[in-house]
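The following questions and answers concern the structure shown here. Please examine it before reading on.

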Amino acid sequence: MEITVGMKGEAFTDVERADTAKEVGSGDLLVYATPCMVALMEGAACEAIGEALKEDQTTVGTMLNIEHTSATPVGLEVRAEAVVISVEGKVITFEVTAYDEIGEIGRGIHKRVIVNSQRFLDKAYSKL
């Protein structure tokens with residue numbers, strides 16, 4: 001299967017106290033943390049293209065440019081969507097959007113690069 005513009009993925013979570021800015025260290029309020037929203041967006045991007053990758057491949061995030069535009073309290077569900085908007089060799093660009101049960105809470109652009117899983121790990125761990 002080939003990675004093509006228009007491929008879509010989704011990811012979901014229920015916001016719990018552990019997902020709040022206060023708990024993850026990105027603020028001091030009990031609202032859905034931006035780093036958690038980012039992780040959900042990245043998960044949706046992985047979901048969008050996962051089936052098109054070979055067994056020895058994965059993708060790694062290399063760029064995020066997002067806005068977190070609305071706070072979400074503990075107890076609501078959050079959904080992230082990712083749509084492939086560009087494929088340039090091994091670089092895949094996504095439009096990512098996140099929603100809670102009331103409406104949009106964030107959006108942006110995310111890039112991932114296709115890598116060989118073992119070579120990537122070998123290079124990373126060669127730093128030790």
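Q: How far is the sulfur of C36 from the closest cysteine sulfur?
A: This is a predicted model, in which local features need pLDDT of at least 70, side-chain atom pairs count only at pLDDT 80 or more, and totals for chains, interfaces and linings use all residues. Residues are numbered from 1 along each chain as its sequence is written, and side-chain values use heavy atoms, with hydrogens and water left out. The closest cysteine sulfur belongs to C46, too far from that of C36 for a bond, at a distance of 16 Å.

Q: How many disulfides does a search of the whole structure find?
A: A disulfide is a covalent bond between the sulfur atoms of two cysteines. Here the term requires a pair of cysteine sulfur atoms within 2.5 Å. C46 is in no disulfide, since the nearest cysteine sulfur, that of C36, is 16 Å away. For the whole structure, the search finds zero.

Q: Is C36 buried or exposed?
A: Buried means under 20% relative accessible area, exposed over 50%, and partly exposed in between (1.4 Å probe, protein chains only). The relative accessible area of C36 is 16%, so this residue is buried.

Q: Which class of accessibility does C46 have?
A: The relative accessibility of C46 is 31%. This value lies between the limits for buried and exposed, so C46 counts as partly exposed.

Q: How far apart in space are M7 and I49, C-alpha to C-alpha?
A: M7 lies in the segment before strand 1 (8–14), where a strand is a DSSP run (E, at least two residues) numbered from the N terminus. M7 is buried, with a relative accessible area of 15%. In sequence, M7 and I49 are 42 residues apart; in space, their separation is 6.9 Å.

Technical notes:
Helix = DSSP H or I, 4+ residues; strand = E, 2+ residues; numbered from the N terminus.
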